[in-house]
Amino acid sequence: MRHAFFAFAVIPFLLISSAFAGDAEIKAGQAVIDGQLKALLADDGAKAYGFAAPNVKQVFPTVDAFMNMVTNGYPPVRKPQSYAFGKVEQTGPGSIIQQVLIVGPDGKDYEAVYTLQQQPDGTFQITGCSLRASNSLST
């Protein structure tokens with residue numbers, strides 16, 4: 001009887017702690033995106049580059065190459081007027097997809113979808129970002 005009670009007492013704790021772990025990972029991922037966007041707004045290319053995962057750094061091996069890509073390919077991400085986090089999905093352990101709703105420098109609405117992966121040191125880094133113009137965004 002004691003073993004049965006212990007099992008029922010542990011199961012809710014495990015469910016609750018895994019929910020908190022997911023929330024903590026999501027908040028960590030959002031902090032990474034927020035940090036990169038703030039660095040881009042401050043024209044701090046080195047800091048913005050620091051949030052990029054190894055796969056991104058392999059394609060863009062220097063801060064200048066990375067900033068050139070962001071400036072020319074992602075103007076709303078480079079200089080957003082405002083941004084807010086939208087939908088988020090945890091796709092696996094240490095893997096997050098985060099929607100960011102952006103008002104670009106042109107005043108138009110955009111949706112950026114970031115992918116993030118937890119690194120061996122426990123931090124999250126941005127593995128990719130897709131951007132599209134949007135007429136109506138919903139969270």
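How many helices and strands does the chain have? Colour by secondary structure and you'll find five helices and four strands. Bear in mind as you click around that this is a predicted model.

**Stop 1: the whole chain**

Trace the chain from its start and the pattern reads α-α-α-α-α-β-β-β-β. Now switch on a surface. The chain exposes about 8200 Å², and carbon and sulfur atoms supply 61% of that. Of the 139 residues in the chain, 33% are buried. If you like contact maps, here's one number to keep in mind: take contacts between residues at least 6 apart in sequence, and 47% of them join residues at least 24 apart.

**Stop 2: the strands, one pair at a time**

Select residues 82–92, which is strand S1, and add S2 at 95–103. S1 and S2 run antiparallel, with eight bridges joining them. For one of these pairings, pick Ser82 and look across to its bridge partner in S2, Val103. Then go to the turn: two residues sit between the strands of this hairpin, and Gly94 in the turn has a positive phi of about 75 degrees.

Stay on S1 for a moment and click Glu89, which lies in this strand. Is Glu89 buried or partly exposed? Its relative accessibility is 47%, so Glu89 counts as partly exposed. Show its surroundings and, setting aside residues up to four places away in sequence, you'll see Glu89 touching Ser95, Ile96 and Ile97. You can also draw a distance from Glu89 to Gln99: they are 10 residues apart along the chain, and their C-alpha atoms are separated by 8.8 Å.

Next, hide S1 and look at S2 by its own residues. S2 is mostly covered, with seven of its nine residues buried. Bring in strand S3, residues 109–118, and you have another antiparallel pair, this time over nine bridges. Two cross-strand pairs are handy landmarks here: Gln98 stands opposite Tyr114 in S3, and Val100 stands opposite Ala112 in S3. While you have side chains switched on, a general point helps with reading the view: in a regular strand the side chains alternate between the two faces of the sheet. The S2–S3 hairpin has five residues between its strands, and Gly107 in the turn has a positive phi of about 80 degrees.

Now add S4, residues 124–133. S3 and S4 are antiparallel too, joined by nine bridges. Find Leu116 and look straight across to Ile126 in S4. This hairpin also has five residues between its strands, and the glycine to select in the turn is Gly122, with a positive phi of about 95 degrees.

**Stop 3: Gln36**

Move over to helix H1, residues 2–41, and select Gln36, which has its place in that helix. Is Gln36 buried or exposed? Gln36 counts as buried because its relative accessibility is 5%, and the cut-off for buried is under 20%. Leaving aside neighbours within four places in sequence, Gln36 is in contact with Ala48, Phe51, Ala52, Phe66, Tyr114 and Ile126. You've met two of those at the last stop: Tyr114 was opposite Gln98, and Ile126 was opposite Leu116.

**Stop 4: Val63**

Jump to Val63 in helix H4. With a relative accessible area of 28%, Val63 is partly exposed. Beyond its neighbours within four places in sequence, Val63 is in contact with Gly45, Ala46 and Tyr49. Try a C-alpha to C-alpha distance from Val63 to Ala46: they are 17 residues apart in sequence and 5.9 Å apart in space.

**Stop 5: the largest pocket**

Finish at the largest pocket, which holds about 220 Å³ of space. To centre your view, select Val56, Phe66, Met69, Gly128 and Cys129, the closest to the pocket's centre of the 16 residues that line it. Phe66 is also one of the contacts of Gln36.

Which elements supply at least two residues each to the lining? Helices H1, H3 (54–59) and H4 (63–73) do, along with strand S4. S4 gives the most, with four residues. Colour the lining by class to end the tour: there are 12 nonpolar residues, four polar ones and no charged ones.

Key. Residues are numbered from 1 along each chain as its sequence is written. This is a predicted model: local features need pLDDT of at least 70, side-chain atom pairs count only at pLDDT 80 or more; totals for chains, interfaces and linings use all residues. Side-chain values use heavy atoms; hydrogens and water are left out. On a 1 Å grid over the protein atoms alone, a cavity is a set of points where a 1.4 Å probe fits but cannot get out, and a pocket is an open set with protein on both sides within 12 Å along at least five of seven lines; lining residues have an atom within 4 Å of a point. Grid points are joined across faces, edges and corners, and a volume is the space filled by probe spheres set on the points. Ala, Val, Leu, Ile, Met, Phe, Trp, Tyr, Cys and Pro count as nonpolar, Asp, Glu, Lys and Arg as charged, and the others, Gly among them, as polar. Buried means under 20% relative accessible area, exposed over 50%, partly exposed in between (1.4 Å probe, protein chains only). Two strands pair if DSSP finds at least two bridges between them. Contact means heavy atoms within 4.5 Å. Accessible areas come from the Shrake-Rupley method with a 1.4 Å probe; for residues, only the protein chains shown count as cover.
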